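Me: I've got a model open and want a quick walk through it. Can we start with the sheet, then move on to charges and the surface?

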Amino acid sequence: MRKNFSTILIVGAALLLASCVQQKESFSPVDYVNPLMGTESTYAFSHGNTYPAVAVPWGMNFWSPQTGENGSGWMYTYTDSLIRGFRQTHQPSPWINDYGTFSIMPLSGVLKMDHKERGVLFSHTQEAAAPYSYSVTFADGLRTELSATSRGAVFEVTFPQDSAQYIVVDAYNGGSALTIDRENRCVTGVARNHNGGVPDNFANYFRIEFSHPIAEEGVYDGDTLMRHRPTLESDYTCAYLRFNVPAGEKLTVRTASSFISPAQALVNFSREVGGKSLAQVREEARKQWNSYLGRIEAEGGSEEQLRTFYSCLYRTLLFPREFYEFDAQGKPVYYSPYNGKIQDGYMYTDNGFWDTFRAVHPLFTLLYPEVSERVTQSILNAYDESGFMPEWASPGHRECMIGNNSISLLTDAWMKGIRTICPEKALEAMIHQTEARHPGISSVGRDGFGYYDRLGYVPYPEVHEATAKTLEYAYADWCVARFADSIGRKEIADTYYRKALNYRNLYYPDYGFMWAKDANGKWRDAFDATEWGGPFTEGSSWHWTWSVLHDPEGLSRLMGGHTAMEARLDSMFTAPNTYNYGTYGFVIHEIAEMVALDMGQYAHGNQPVQHAIYLYDYIGRPWKTQKHVREVMDKLYHSGSKGYCGDEDNGQTSAWYVFSAMGFYPVCPGVPEYAMGSPLFPKLTLHLPDGKNFTVKAEGNSPANRYIGKALLNESEFTRNYLTHRELTSGGELVLWMDSVPDSRRGTQKKDCLTLTPTSTNRRIRLPIL
């Protein structure tokens, strides 16, 4: 009897183990992703300003259904009812728009060339969107399916019976050309359209091949349809191809492109899509997404929380895009968007570091360090080719936003042990970035650097957005100091540590906020903490006062201590959500979104204030961080078409959610430490690239139980308000016991708070142990 019972236990345990193994093997995070999250947006109000990108992580090209007219930054809007094409896109933001784009549009029945007229009705009930594929059946019965590689895509088109069958290729205006090769069932083309940031010789060369013979062809220049003509070069070019695909068969369309040359486009075509079916490409892309998304394994929580989490992680892994290709020998090469030459190595683009330095790139340093290696090399390549590091690139330098946050990316990666760049070259580039301004683009380099170095701040109204720039420059200077200190350049470090304290020069003690001074040192009149614009960038003093990432303790001293800073933080969430649109002259969408959030003056829909919730950790009030973090995750995010509370911005608003759901956040990139929050899931495991795992367990976690009580890190008592990068990357386990009542004793001691930042007279600098 005992023997039989033991046998039953052994068999049962084996079945349970097999079930667990099967569950792990079938873990498919990509199935939770909704690429339509955030697509219901307008110029006046953003719920994300996203589009459903069919891609692989960091791919050179994305593909998306196009519901907007050619040239519109709002490429796909959820409320639209017509699709005008399936577009190869490189658009990082509707405000930046696209470049080198072209589209492919299947049509049945009547041929319509004009993009304003060729839209076909569709319904979301007949649409299926995933990161690796998209399919839709139009109201007329035509069905299109597609999947993508980094530089190519494969379509399958099912035409309705007894109807004319067409493919329209639109190379857009701005200079383009198309050639139809009926014998080889092929279209080759070039698209030169852009919205800035390119050399004169910029071009996107593409190749399209078809599985069935071309029965008829023609071209269109925007005015005249030229039937049976196989070539056209013009400001605007468009082509049509008619097919006779037998009933029961699908038309397969394969395409790839290159920014280097037509020959390289053929290399990319042969390597990535040549001879491959849609099913093959789709499965390869699906595996890539599961591999990268699967580095974070969330367990428990609701279905909606999992969908939101992995949808946000998908967005985080789209940008910056790979702008490099592999030549016939497999060597990485790229067309430089800075000097127009073909270069060896890596180039990334389509990223606004003003947004993404905060959480996107810190996530890469933690979980995708191989990407950070190439990105940091790319930044210095841009410096070599243009004389400046990029701040907002698409594909080259663009006039957008402020700050020197390329410095933050280099410093943060370096301080976390990612050291594949030449440190002397990096320091040279950093210093140059602080001592010069691009002659034609004020956002590249340092606008107002002469004032800043002479006065210790950037004056307003002499320089637009001067207070925001001062705060950003002070943080960048601290990053330079950190980097210089780490490589033994103490004199440079001391100089920049002193400059890092310049934020103090614009703190207005009479009101307890950051404000503006003119070049004579006079405070700007009519203080109003709710006034947007002027000396601030897309925000007000309520938001920018907290932009002292590198010295919260110093900010606290300016405010009168921890208790006073706590009161000011509290008031941000309780103050009336009133505003003065100031120099903008109208209600910009960021203002409208702050008002709609109804969280006082807290404006989570834009980046300057997103870290502020975590500042409670620095002053020994961690339960307030825990409260507000969970409130933001619960209230301001969901996986639907209105899923964001403002612009998603190249992954930054998503990365905030990803980090916060994990239970910690990188308030100050450049310090290998993460402020603690309140984890969303009962269990979450980081599968680190070197094979180690770090697990966060939140016992008793629930919407009500958001406060951390007891905590153990690797079975030892843990009271700190932060985790170190080394603790995470070494692997281990953090166990938290969650409660519905805040513990006002935990995390209040000085030893529990995040490390004080160094100055030239206080070198309390914590260098990473590599």
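Reply: Sure. Keep in mind that this is a predicted model. An open sheet is built from 9 strands, in the order S6-S7-S8-S9-S18-S13-S12-S11-S16, with antiparallel pairing.

Me: Which are the edge strands?

Reply: Strand S6 (127–130) and strand S16 (231–234). Each of them pairs on one side only.

Me: And the twist, what does it average from one strand to the next?

Reply: The average is 10 degrees from strand to strand.

Me: Let's walk in from S6. How many bridges does S6 make with S7?

Reply: S6 and strand S7 (residues 133–137) share 4 bridges, in the antiparallel sense. Ala130 faces Ser133 of S7 there.

Me: Which helices pack on this sheet?

Reply: Helix H2 (residues 262–272) is one of them, and it touches strand S9 (152–158), strand S13 (204–210) and strand S18 (251–258). The H2 direction makes about 130 degrees with that of S18. Helix H3 (residues 278–293) also packs on the sheet, touching S7, strand S8 (143–148) and S9. H3 runs at about 45 degrees to the direction of S8.

Me: Back to the strands. How do S7 and S8 connect?

Reply: As a hairpin, with 5 residues between the two strands. Gly141 sits in that turn and has a positive phi of about 95 degrees. S7 and S8 pair antiparallel over 5 bridges. Val136 lies opposite Thr144 of S8.

Me: What about S8 and S9?

Reply: They form a hairpin too, with 3 residues between them. The antiparallel pairing of S8 and S9 covers 6 bridges. Ser147 has Val154 in S9 as its bridge partner. Ala148 is matched with Ala153 in S9.

Me: What sits opposite Val154 in S18?

Reply: Arg254. S9 and S18 are antiparallel partners over 6 bridges.

Me: How many residues of S8 and of S9 are buried?

Reply: In S9, 6 of the 7 residues are buried, so the strand is mostly covered. In S8, 5 of the 6 are buried, so the rest of the structure largely encloses that strand.

Me: New topic. How many salt bridges does the structure hold?

Reply: There are 38. One of them links the side chains of Glu472 and Arg358, at 3.6 Å from N to O.

Me: Where do those two residues lie?

Reply: Glu472 is in helix H11 (residues 466–486), and Arg358 is in the loop between helix H5 (353–356) and helix H6 (360–367). So the pair ties together parts that are 114 residues apart in sequence.

Me: Is that pair buried or exposed?

Reply: Buried at both ends. Glu472 has a relative accessible area of 6%, and the cut-off for buried is under 20%. Arg358 has 7%, so Arg358 is buried as well.

Me: Got another one, between strands?

Reply: Try Glu733 and Lys697, whose side chains meet in a salt bridge at 3.1 Å, N to O. Glu733 lies in strand S36 (residues 732–739) and Lys697 in strand S32 (residues 693–699), so this bridge joins parts 36 residues apart in sequence.

Me: What is the relative accessible area of each?

Reply: Glu733 has 29% and is partly exposed. Lys697 has 25% and also counts as partly exposed.

Me: And Arg720, what does it pair with?

Reply: Arg720 forms a salt bridge with Glu727, and their closest N and O atoms are 2.4 Å apart. Arg720 is buried, with a relative accessible area of 17%.

Me: Which residues do shared salt-bridge partners join into one network?

Reply: Arg143, Glu145, Glu156, Lys250 and Arg282.

Me: Last stop, the surface. Which residues form a nonpolar patch?

Reply: Tyr43, Trp95 and Phe586 form one on the surface. Together they have about 330 Å² of accessible area.

Me: Where is Phe586 placed?

Reply: Phe586 is in the loop between helix H15 (562–574) and helix H16 (589–597).

Me: Why does Phe586 count as partly exposed?

Reply: Because its relative accessibility is 40%. Partly exposed covers the range between under 20% for buried and over 50% for exposed.

Terms used: Residues are numbered from 1 along each chain as its sequence is written. This is a predicted model: local features need pLDDT of at least 70, side-chain atom pairs count only at pLDDT 80 or more; totals for chains, interfaces and linings use all residues. Side-chain values use heavy atoms; hydrogens and water are left out. Patches are made of residues with over 30% relative accessible area and no salt bridge: like charges are joined within 9 Å, nonpolar side chains (Val, Leu, Ile, Met, Phe, Trp, Tyr) within 5 Å. Accessible areas come from the Shrake-Rupley method with a 1.4 Å probe; for residues, only the protein chains shown count as cover. A salt bridge is a side-chain nitrogen of Lys or Arg within 4 Å of a carboxyl oxygen of Asp or Glu. Buried means under 20% relative accessible area, exposed over 50%, partly exposed in between (1.4 Å probe, protein chains only). Two strands pair if DSSP finds at least two bridges between them. Axes are lines fitted to C-alpha atoms, for helices over the stretch in contact, and angles run from 0 to 180 degrees between N-to-C directions. Contact means heavy atoms within 4.5 Å.
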